[in-house]
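Biologist: I'm new to this one, could you walk me through it?
Modeller: Gladly, let me put it up before we start.

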Amino acid sequence: MSETNHRTRRLPAATAAALALLLTACGDGGGDADHSGAADRSGGDSGRQDGFPAPAYGATGQGTDERRDFTQEDDEARPAEDLLSTFALDVDTASYGYARRTLADGGTPDPATIRPEEFVNSFRQDYDRPDGDGFSITVDGARTGDDDWSLVRVGLATRTAGPVGERPPAALTFVIDISGSMAEPGRLDLARRALGTMTDRLRADDSVALVAFSDEAETVLPMTRLGDRRARARIHDAIDSLEPTDSTDLGAGVRTGYATAVEGLREGATNRVVLISDALANTGDTDAHRILDRVEDARRTQGITLFGVGVGSDYGDALMERLADRGDGHTTYVSDDADADRVFSEELPRHVDLTARDAKAQVAFDPRTVDTFRLIGYDNRRVADEDFRDDRVDGGEVGPGHTVTALYAVRTRPGATGHLATATVRWLDPATRAPHEASGPLETDALHEDLTAAPARFQVAATAAYFAEALRGDTAEGRPLPDTPTLDGLAATARALARRTEDPQVRDLADTIDLARRT
């Protein structure tokens with residue numbers, strides 16, 4: 001059954017069960033890959049499983065850094081299209097960050113701002129990493145308390161980000177919203193402090209430009225190589241001069257930002273526009289497509305990507321997300337100094353590089369074992385199945401040190417055994433734009449008997465997905481997730497996982513679920 005058809009079919013409600021009760025019998029298993037469907041490094045054939053064609057035809061089956069160039073001839077053995085699920089990779093996390101901020105302020109998140117994949121991808125995963133550019137693939141799953149329903153995890157990882165000194169130089173154009181709404185504490189003041197700290201941590205061969213916008217835009221500082229103390233002092237002075245003024249012409253800011261980035265374009269460097277805004281556009285263009293249409297040349301032919309950083313309790317989430325999607329980039333959200341320091345001083349300097357362009361994933365389910373499935377989230381990242389190998393169709397841009405996780409609710413046929421699914425990722429080399437693919441399979445006998453037996457990081461991903469679905473409520477697409485716990489159960493689960501993983505971000509998840517439970 002196709003995923004589209006599945007979304008229109010309403011099945012009986014899932015049996016409610018508290019995931020926390022399932023986890024009380026947990027063994028360790030965090031990061032344990034013994035039962036996972038991680039692609040075999042020994043080089044077994046994953047091109048076909050018992051005669052069922054997987055989409056990575058002719059691949060080695062290693063699913064890590066083993067890959068080859070693909071041609072149209074590989075399309076000849078494609079499985080039936082209604083068994084496929086195809087989406088562009090997404091490393092955004094803004095939806096979860098904004099939901100946390102809203103709940104901390106005593107509010108209830110707008111269901112329209114809840115994107116489950118961004119909740120899931122906000123948390124670290126322990127996937128194997130490839131040695132070079134491209135992706136490793138881990139495919140695993142766990143049965144649930146609902147008859148024949150399982151959760152399946154498709155995990156993709158890029159190589160570990162090396163030391164800051166090993167990356168290419170960066171040419172960063174910061175486009176900073178100085179409209180009146182940015183006067184609220186935690187907006188422009190937060191951005192100024194974070195940019196100042198980041199300036200001190202960038203390398204001498206990095207470059208920075210500053211564009212400020214309100215009802216009009218201006219280049220406050222042209223592209224300036226940090227080089228020496230004087231250059232850093234000029235950048236600090238430019239940052240300190242930013243003050244909130246009038247209305248918000250976001251389109252003017254983006255256009256001027258890209259023009260400044262093109263003027264300061266550096267060959268051999270990572271050229272990126274970083275937009276810092278509450279995205280509450282109220283003057284000029286407010287439509288993401290019209291804004292980005294005007295910078296198409298810089299975006300596509302010169303490889304200048306967009307990184308959106310959202311701030312503020314009242315935040316234009318939808319506009320920022322569309323801008324990042326059209327700008328071949330991604331978004332995050334910062335609510336306090338700790339978030340800002342993490343994004344600007346740690347993540348951005350280390351992750352300015354790209355390891356994959358236009359990356360897409362395709363999961364092929366076996367009709368002999370799978371009755372129906374649902375991809376959790378990625379609602380606006382779906383790609384037509386036939387466009388998986390059409391490299392003119394945009395995918396996602398991913399840098400080193402990233403992981404991407406997709407969760408599926410899958411109903412298997414009663415008593416079915418054997419091949420369940422094969423996941424394939426396709427990407428373009430950032431420098432040459434040559435296409436590559438890797439794949440990884442999953443067998444029914446590799447499914448964990450229940451969520452208690454799954455690795456801890458799998459359980460964290462499942463908890464984040466359940467939480468997002470609870471916040472979306474009746475607006476969520478398709479049937480309820482299998483074995484859906486209560487918020488009380490989710491909170492207990494998250495607290496247990498926080499103790500087990502000793503991960504402060506998982507502890508924050510538990511606190512956030514508690515806030516939602518009391519709302």
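Biologist: Which residues in helix 7 are buried?
Modeller: In helix 7, a DSSP run of H or I with at least four residues, numbered from the N terminus, the buried ones are Leu250, Gly251, Ala252, Gly253, Val254, Gly257, Tyr258, Thr260 and Ala261. Buried means under 20% relative accessible area with a 1.4 Å probe, counting protein chains only. This is a predicted model, in which local features need pLDDT of at least 70 and side-chain atom pairs count only at pLDDT 80 or more, while totals for chains, interfaces and linings use all residues. Residues are numbered from 1 along each chain as its sequence is written, and side-chain values use heavy atoms, leaving out hydrogens and water.

Biologist: What span should helix 7 have?
Modeller: Its 14 residues, 250–263, should span 20 Å at 1.5 Å a residue, and the end C-alpha atoms are 20 Å apart, which agrees; the expected span is 1.5 Å times one less than the number of residues.

Biologist: And how many residues does helix 13 have?
Modeller: Helix 13 has 15 residues, 487–501, and reaches 20 Å from its first C-alpha to its last, close to the 21 Å expected. Among its buried residues are Leu490, Ala494 and Leu497.

Biologist: Which residue follows helix 13?
Modeller: That is glutamate 502, whose phi is positive, near 55°.

Biologist: Switching topic, is histidine 436 buried or exposed?
Modeller: Histidine 436 counts as buried, because its relative accessibility is 13%. Histidine 436 lies in strand 17, residues 435–443, where a strand is a DSSP run of E with at least two residues. Its C-alpha is separated by 8.3 Å from that of valine 425, which is 11 residues apart along the chain.

Key. Buried means under 20% relative accessible area, exposed over 50%, partly exposed in between (1.4 Å probe, protein chains only).
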